Amino acid sequence: MFVLNEQQVSFIIADIRRNGIEMEELQLNLLDHICCIIENEMPPDQNFEEYYQSIIPRFFKKELREIQEETELLLTFKNYYAMKKVMFVSGTISAILFATGSFFKVMHWPGAAICLVLAVAIMCLIFLPLVFLLKAKEVKVKREKITLSVATFFGIAFSLGILFKVMHWPGANILGLGALAILIFLFLPIYFFGGIRNPETKTNTTITSILILGAGALLFMIVNLRPSHQVDYLRYVAVEHLNQSYTVATAQNNIRYDQLVGDSSKSQMDFTTLKNSCNELCNKIEAEKKQVIDFINAGRDEKLSNEQIFYEYSNNYDVPNNLLFDNMGIPTPQLLAIKQDITNFKKLLTEKHNKTSLSILDTSDSNIYGNPEQGKTTWEKAKFFHAPYELVLTNFTQLQLDIRIIEASCL
């Protein structure tokens, strides 16, 4: 067994200190481990310094100072490894939920909103805060800690902004613009002017800053934080014009009913039944339209006007879909009742008013997207399933107008 002399022990302790181990207790522990290995394993004819250099890499991956850094983290951050594990697990779950929610959103499948909300919640409340806490303990320079905190704040604000925009929640524009402002006007200057001072990182910092600036501009363009109100206004005008046509048709039919009073050549009972059936059916459809609008205004101190709703909820699939169908895509009883009432109304028209051409009130199954190769779908799914807010209102109002047109033809 080889026995180390005092000079060799001094050489080892000096080398440990030279490699960045500053804690005295850690120095002594490392010295004891290294000495035990050398005395037990070094061959008698082996050179001491060569053998020492061959065994010292057993204690680190890149450099010996790693032991000091990990020891400091354990002493000052007792739950370091548990938090690191939670960070990786939460980040993985969040990424999976993001991918799943995005795919479901594109396909308009139920569950997309839940996946996206959970993904952003885990990202903003668990993953990003843990990344900041763990990385802040590792960096020593104050500027790097500031950069890290600004980047974390940007990540949280931007994730929330995207979620609010996708879910059509109020405040999306403020969060999105605020996040991009933090990226361009706060994070980028700190990162750029801090990095170019170091000759070793100057080139990489410049290239990265250009990429960040370009990415920020692209995100601003893709997110479309300020959509064109002209398109939304045109949609609103089209629906309002349809509503006005329905109102005029209703008024004209009521005038005709008044003119029929006292006309002995007409069956008053049949026309009273017709009027009541039309009014009842149109009122049920109006109640469904009102439900969609009331759902949007629920909980608001100041109710949105119809025009404001078009600006805020244009292309929103979730609100009407969640009200008219369940999670399995099955229509609500109210929607099925309207379909049945239309069938009964058509039967009344055929029996009492000799109407046989009623194609505008057709509720039979139809080809999916008009393509026979894709199979059949029901009337309610063809009209309202996964349809945006403005199209749902348009289809409901058009149905009311069609009823009034048929009613007028009977008078």
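## Nonpolar cores and cysteines in a predicted model

In the largest nonpolar core, which has 31 residues, the members that touch the most others are Leu 274, Phe 345, Phe 384, Leu 399 and Ile 403. Such a core is a set of buried Ala, Val, Leu, Ile, Met, Phe, Trp, Tyr and Cys residues joined through side-chain atoms within 4.5 Å, where buried means under 20% relative accessible area (1.4 Å probe, protein chains only). This is a predicted model, in which local features need pLDDT of at least 70 and side-chain atom pairs count only at pLDDT 80 or more, whereas totals for chains, interfaces and linings use all residues. Residues are numbered from 1 along each chain as its sequence is written, and side-chain values use heavy atoms, leaving out hydrogens and water.

**Exercise 1.** Identify which elements give two or more residues to this core, and which gives the most.

*Solution.* Step one is to list the elements, which are α10 (229–260), α11 (268–297), α14 (333–353), α15 (379–384) and α16 (389–410); helices are DSSP runs (H or I, at least four residues) numbered from the N terminus. Step two is to rank them, and α16 gives the most, with seven residues.

**Exercise 2.** Determine how many disulfides the structure holds, and why Cys 124 forms no such bond with Cys 115.

*Solution.* First, count the pairs of cysteine sulfur atoms within 2.5 Å, the cut-off for a disulfide: the structure holds zero. Next, take Cys 124, whose sulfur is too far for a bond because the closest cysteine sulfur, in Cys 115, is 16 Å away. Finally, Cys 282 is in no disulfide either, the nearest cysteine sulfur being that of Cys 278 at 6.3 Å.

Terms used: Buried < 20%, exposed > 50% of the residue type's maximum accessible area, 1.4 Å probe, protein only.
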